[in-house]
Structure formats: C-alpha cells, structure tokens
Amino acid sequence: MPAKTRLAKIESADRDAFRSPSADDAEQHPTIQTSSSGRSIESEINRSSLWKRRQWLAWTSVVGTAVLTGCRESSSTDEAESASIVRTDVPLRIVWTGTDSDAETLRRTWQSISDQPLQITVVAPPTGTESPQDSTSEPDQEASIWDAAAKADVVVFPLSQLGEMVSRERIMPSLKSASGAKPNPPAVRVAMTFGQESRALCLGGALPALLVGEKATSKVPTSSTITWDDLETLATEFPGQVAEPTAEGWAGVSYLWRLASVLSASWLFDRDTLQPLLTQPDYVDVLRQMVATTQQGPESFLTPGEIFRNVGSGKLVAGIGFPQVEIDSVDEDDESASVGNVQVSGLPIAEPGVANADGVIMERTGRAVFAPQTLAGSLAASCRQTAAANQFLKWLAGGEGSEPLYRSIPGLQHPTTESSIDVAAGGNYQPWLRSAWQNPNVMPPLNLVGGDRYLAVLDTEIRKCLTGDQTPEDACASISKSWSELHNEYGVKKQKRSWQQALGLL
C-alpha cells in the first residue's frame, strides 16, 4: 500500500476516534458503555485512547510494509536492528557457481562457526552457449542459474553475469554498511557497482600482475617500467619461458588486459551506437603484438595460476598471472615457489614515445580489469532472511573463520585473508594487490546481458589467432561481427543501456 494511502487512512481513523468512542476504548474504559451519547468521556481518556490508536496504526502500517516489500535495501540502522533477530532455524538458500566439492567445503566451514543450516544449489560455471530463450529449464534438465536465483537468499556468480543478474532482477542492491565499518578498496567498489549502485561483494578480487623471476632481473632492472616491447624481447631471449594466460577461457581475457594497459580510447564499444571498436588499428596492433610474444612462449597454454607458480619455481623467467587455488595437486618442484625472489608489478606499459594511429603518444593508462571469472556474491531479490543472508555474505567475503575457504575453493581470493598461496613468489603478490586495489580506474569486462556469450566469442577467435589459424585483422573483424549479431539478438537498445550502466553513465 502506498505510503500516502496509509497516512490518509491513519488520519481518517484518528478523526473518527475524536468523533465517537471505539469498541476497543469501551473495553478498556467501562465508563464509556454507561454513556449513550459519549459526552461523559473525559478529555484525558480521549487523548490517551487516541494516542494509543495512533501508535497501533503506525506500527501495523510499518509491519505491513515490511511484509509486502520482503527483502529490500535497508539503512545501517535497520541492519543493526535486524542483526539482533537473525533466525538460525530456517535454512539459508544459497546458489553457488562451482562444484559439489566447493559446496561441501562451504557447508562444512560455515557449520564450524554457525548453527544456521545451508540449502545449497550448485550451478555449473557458464559456458557461453546459452541463448535468450534459455531463461527456463525443461523438467528433466538441471535448473539454470536464473531459475535457481529466483528462489534464493544469496547468489554467488561470475562477475561477467552481473549485468544480466540486474536485468533479470535476480539480485538487489547491497545493504549499506554499518557506521564505522571499513570500506572496500576503490577498485573493488567500482567493479561491484552497476547502474551507480553497489550490487555485490567481491569474493575473487585477484588482478593480473607482471611477474619477473630471478633469471630475468638483470635484463629488467625494474619491472615497473617494462614495456610490452621489452616483454616481447625477453620472450625472444628466453624461448618458451615467458608466458601470459592463453588457456581456454583465458586468451580473450588476456587480450582485454593488454588493451586496458595501453589504450586510452573508448572501451570496446562506441557509447552512442554500441558498435564494436576492435577493427580500429590500435586494437589490431595490440593483438598482433600479443601473437608475436605468444609465439615465443611455452608450447602449452597456461592459466594465470600456472604461470604464477612456474615463475616462482623458476620454470618461467617472466609472465602475466596471479595466484589461484588449483584443483589438481601441485608438482613437488613447484613447492620451491615459496622461496623464489619474484618482482611483482602492474602490467607492462606501451613503448614510450610511440604514437597510435591518431598520432597520440601511448602511455600507461592505469586502467585495471577484473577477470570475468571473478566471483561475486549478492543478496537475491527473492531473499526472505535479509539479516542472516547479509551476515553470511560478509563472512564469505573474508570474514572471520572463512580462511579455510580460500585455501580450498578455486576462484576465491581476498587480500584480507591469509592463505597458503600468500607465501608464493616470495610473498610479494599480496602486498602489491593491496596497493593495486587502491586504483579506482577500473574498466568493466564484457558486462552485458549474455556477457558470457560475448566472452566466449572473444576467447575462441583470439585462440584461433594465437594458433595461426587466422590473422589479427581477421580475428578482430570476426569478433566485431559476432558481437554486433549478439547486440541484435538481445536488442541494441537493451544492450546499450546495460553497457552504459556498466560504465557508470546511468
């Protein structure tokens, strides 16, 4: 019921109370029943009755509003008050993007600190093959993340799905932090903001770093000033020992990282027409250099975590990566990663003094891009236990007692959480990450409706280019064509709004 309507009803009821006694008043004051005209009612009783009725109506109005609205955004005061009435007998409904093993680790770790049971629905990571018609599942098929999220309290999903989560109204804005709470670093706040509202808590948070091992330190006096040309030269001098993530699902991401560290132009799409910009010379040149460097790298395609460990152990002299919890056991040789003296810095910069196609000098942009696979956690729009769900979500995002999760579940990485991977590469990554998180200049990944499909196209075409199956020009043209087709499939107007929200323009 609208607030104005409720207020009008309260005022009307108050006027009625002035005009005639109510049945409730008669029960509380027997003297009312003895007066047929009501004239014997004393003014003090009238005022007392009226005041109590006002309190009762106001209270029932507030309760009714809470029942009708369900789990909505509340103020820090509301949050503090609701925290005192968290129920532990009703299971929290969690949607988890990952594996059954992850879910069991999550349940076991949570049970060690809380009596609240968890009802976990596990959904597989996105494949990028879903179409707009895949919003519902057939009876004999596993429920999609969208179906599951519609019946959840907390949803954990890849960052690439943030735009679609908002578009489908599956999540609600994050609750405001209580006064005195330590704010998230600027980069995290920007990455978790969509449509100028904070939508999630960051559960991943790793950023790509340039890692330079001991063998290359004499060639690279300071990794903070290395250029992409320097990295290519290093790859030529140490064949097979300089790498960047090119494994399936990571090649397209690496290309985005390179673009962000070099380009100062519009990001990926024209803001007015949403036309892809990848066919522009600057974008093609970045891919051409990526291909040249990769051709000098290892024969196998590696993930960021594999590169991180291999640089630390000395198998690689340099590379782009970050620590990851691996599902498979680590080779004994990789245990030496903990004693490696590895330099950790931001991504390489463009060659100083080199101009782009428009004659503009290309320099370090300072932009950062979170991996689309970064895990994010949000309160579901269907949440029925706001206080309990928010408490669980904060624990999941590095709260006390969550440390075992970050040593066991791939994808989780939080700078405030100590873990076994913190000592890798000389322990230099975590201090660097804390500093890198202070950079608010964060560009969104492909955060569109159907973003996983855009990313799948990007990754497939980039990998074809890296293996020599097509030229950089053809790859960029093919990506642009496929992205334009996806725009039309989902609706250009809808996608334009989603992209502008991702950029913080709406």
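Helices (H or I, at least four residues) and strands (E, at least two) are here DSSP runs, numbered from the N terminus. The model is a predicted one, in which local features need pLDDT of at least 70 and side-chain atom pairs count only at pLDDT 80 or more, while totals for chains, interfaces and linings use all residues. Residues are numbered from 1 along each chain as its sequence is written, and side-chain values use heavy atoms, with hydrogens and water left out.

**Overall composition**

The chain contains 18 helices and eleven strands. Of its 506 residues, 51% are buried, where buried means under 20% relative accessible area, exposed means over 50%, and partly exposed lies in between (1.4 Å probe, protein chains only). The accessible surface of the chain amounts to about 23,900 Å², and carbon and sulfur atoms account for 50% of that area; such areas come from the Shrake-Rupley method with a 1.4 Å probe, and for residues only the protein chains shown count as cover. Among contacts (heavy atoms within 4.5 Å) between residues at least 6 apart in sequence, 77% join residues at least 24 apart.

**The four-stranded sheet**

An open sheet of mixed pairing is formed by four strands in the order E8-E9-E7-E10. Two strands pair if DSSP finds at least two bridges between them. E8 and E10 are the edge strands, each pairing on one side only.

Strand E9 (residues 318-321) is joined by four bridges to E7 (residues 209-212), and these two strands run antiparallel. With E8 (residues 242-243), E9 pairs in the parallel sense over two bridges. Ala 318 of E9 takes part on both sides: Val 212 stands opposite Ala 318, and Ala 318 is also the bridge partner of Val 242.

In a regular strand the side chains alternate between the two faces of the sheet. For E9 both faces are covered, with Ala 318 and Ile 320 buried on one side and Gly 319 and Gly 321 buried on the other.

**Aromatic pairs**

A pair of aromatic rings is described by the distance of the centres and the angle of the planes. Rings of Phe, Tyr and Trp (its six-membered ring) pair if their centres lie within 6.5 Å; planes under 30 degrees apart count as stacked, over 60 as edge-to-face and the rest as tilted. A search of the whole structure finds twelve aromatic pairs. Two of them are set out below.

| Ring pair | Distance of centres | Angle of planes | Class |
|---|---|---|---|
| Trp 257 and Phe 322 | 6.1 Å | 65° | edge-to-face |
| Phe 269 and Trp 499 | 5.0 Å | 85° | edge-to-face |

The pair of Trp 257 and Phe 322 links distant parts of the chain: Trp 257 is in helix H10, and Phe 322 is in the loop between E9 and strand E10 (343-345), 65 residues apart. Both of these residues, Trp 257 and Phe 322, are buried.

The pair of Phe 269 and Trp 499 also links distant parts of the chain, 230 residues apart, with Phe 269 in the loop between H10 and H11 and Trp 499 in helix H18 (residues 492-502). Phe 269 and Trp 499 are buried. Ring pairs further connect Phe 269, Tyr 454, Trp 483 and Trp 499 into a cluster.

A charge sits over a ring if NZ of Lys or CZ of Arg is within 6 Å of the ring centre and within 35 degrees of the ring normal. Arg 463 lies over the face of Phe 301 in this way, at 5.1 Å from the ring centre.

**Positive phi angles in loops**

Gln 196, a residue other than glycine, has a positive phi near 65°. This residue, Gln 196, lies in the loop between strand E4 (193-194) and strand E5 (197-198), and its 54% relative accessibility makes it exposed.

Leu 274 is likewise a residue other than glycine with a positive phi, near 65°. Leu 274 is found in the loop between helix H10 (251-262) and helix H11 (281-294). In contrast to an exposed position, Leu 274 is buried, with a relative accessible area of 1%.

**Cysteines**

A disulfide is a pair of cysteine sulfur atoms within 2.5 Å, and a search of the whole structure finds zero disulfides. The sulfur of Cys 476 has its closest cysteine sulfur in Cys 465, at 7.3 Å, which is too far for a bond. Cys 476 is buried, with a relative accessible area of 0%. Cys 202 is buried as well, at 4% relative accessible area.
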